[in-house]
Amino acid sequence: MFRPMRRSKQQLSDKRVSEILENGKTGILAVNGDNGFPYTVPVNYVYFNGKIYIHCAKEGHKIDAIKANNKVSFCVIDSDEVFAEKLTTLYRSAVVFGKAEILNEKDKTEQAVTALGLKYNPDREFIEKEISKFIDTMCCIEITPSHITGKEAVELSVRQTKTPQC
């Protein structure tokens, strides 16, 4: 169903891909937008219990697109250092293909946005106070992965496998 990676030697392990998703700060959500044009948007997110959660307003472009077609793609870039001497980029990223669901249950939304808030601010009391102020006006999107993959530049792979000279 999903294409195999063309440069399979650059494919990251499942463990490394999970680390990228767990530690990333910003992801790019891609949906099928208006008039068949792809729509991508950078978002804060949390990778929690094997799913990706994003908070947003209850209406807007993302919500409309997901209601029309729940298939999405989500990308997190872990490294994107330009290596000018080789005219390349030392990249490492993870890509998720999945199905998005707009959470309607207040308790599921609260659990997801609590995990999201704690990812960016460890003060649980503050997070709970903020959530209580906005829970009735916010929405949460849950992405259930169908396929997850990760890839890194060959130069990064080589750099990590070389052992230091003594």
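User: Two strands pair if DSSP finds at least two bridges between them. What makes β1 and β2 a pair in this predicted model?

Analyst: Strand β1, residues 26–32, is joined to β2 by seven bridges. The requirement is at least two bridges, so β1 and β2 count as paired. The two strands run antiparallel. One of the bridge partnerships links Asn 32 with Pro 38 in β2.

User: What is notable about phi of Asn 35?

Analyst: Asn 35 has a phi near 55°, which is positive although the residue is not glycine. Most residues other than glycine have a negative phi. Asn 35 belongs to the loop between β1 and β2, a hairpin with five residues between the strands.

User: Why is Asn 35 classed as exposed or buried?

Analyst: The relative accessibility of Asn 35 is 75%. The exposed class begins over 50%, so Asn 35 is exposed.

User: Which class of accessibility applies to Asn 49, and why?

Analyst: Asn 49 has a relative accessible area of 64%; this value is over 50%, so Asn 49 is exposed. The residue is located in the loop between β3 and β4, and its phi is likewise positive, near 55°.

User: Why is Lys 51 called partly exposed?

Analyst: Its relative accessible area is 25%. Buried would require a value under 20% and exposed one over 50%, so Lys 51 falls in between. Lys 51 is part of strand β4. Beyond its neighbours within four places in sequence, Lys 51 contacts Val 46, Glu 142, Ile 143, Thr 144 and Pro 145. Its C-alpha atom is 9.9 Å from that of Ala 112, a residue 61 places away along the chain.

User: Why is the pair of Tyr 45 and Phe 74 called edge-to-face?

Analyst: This is one of two aromatic pairs found in the whole structure. The ring centres of Tyr 45 and Phe 74 are 5.0 Å apart, within the 6.5 Å limit, so the rings pair. Their planes meet at 70°, which is over 60 degrees, so the pair is edge-to-face.

User: Which parts does this pair tie together?

Analyst: Tyr 45 lies in the loop between β2 and β3, while Phe 74 lies in strand β5, so the contact ties together parts 29 residues apart in sequence.

User: How do you know whether Tyr 45 and Phe 74 are buried or exposed?

Analyst: Tyr 45 has a relative accessible area of 0%, and Phe 74 also has 0%. The cut-off for buried is under 20%, so both rings belong to buried residues.

User: What makes Lys 119 a charge over the ring of Tyr 45?

Analyst: The charged end of Lys 119 is 3.7 Å from the centre of the Tyr 45 ring. That distance is within the 6 Å limit, and the charged end sits over the ring.

User: Which residues have the most contacts inside the largest nonpolar core?

Analyst: They are Leu 29, Ile 52, Ile 54, Phe 74, Ile 141 and Ile 143, in a core of 26 residues. Strand β6 gives the most to this core, four residues. Among the residues that Leu 29 touches are Val 43, Ile 54, Phe 74 and Ile 143.

User: Which residues are among those of the other core?

Analyst: Val 46, Ala 115, Ile 127 and Cys 140 are among its twelve residues, and this core lies apart from the largest one.

Terms used
Residues are numbered from 1 along each chain as its sequence is written. This is a predicted model: local features need pLDDT of at least 70, side-chain atom pairs count only at pLDDT 80 or more; totals for chains, interfaces and linings use all residues. Side-chain values use heavy atoms; hydrogens and water are left out. Rings of Phe, Tyr and Trp (its six-membered ring) pair if their centres lie within 6.5 Å; planes under 30 degrees apart count as stacked, over 60 as edge-to-face and the rest as tilted. Buried means under 20% relative accessible area, exposed over 50%, partly exposed in between (1.4 Å probe, protein chains only). A charge sits over a ring if NZ of Lys or CZ of Arg is within 6 Å of the ring centre and within 35 degrees of the ring normal. Contact means heavy atoms within 4.5 Å. A nonpolar core is a set of buried Ala, Val, Leu, Ile, Met, Phe, Trp, Tyr and Cys residues joined through side-chain atoms within 4.5 Å.
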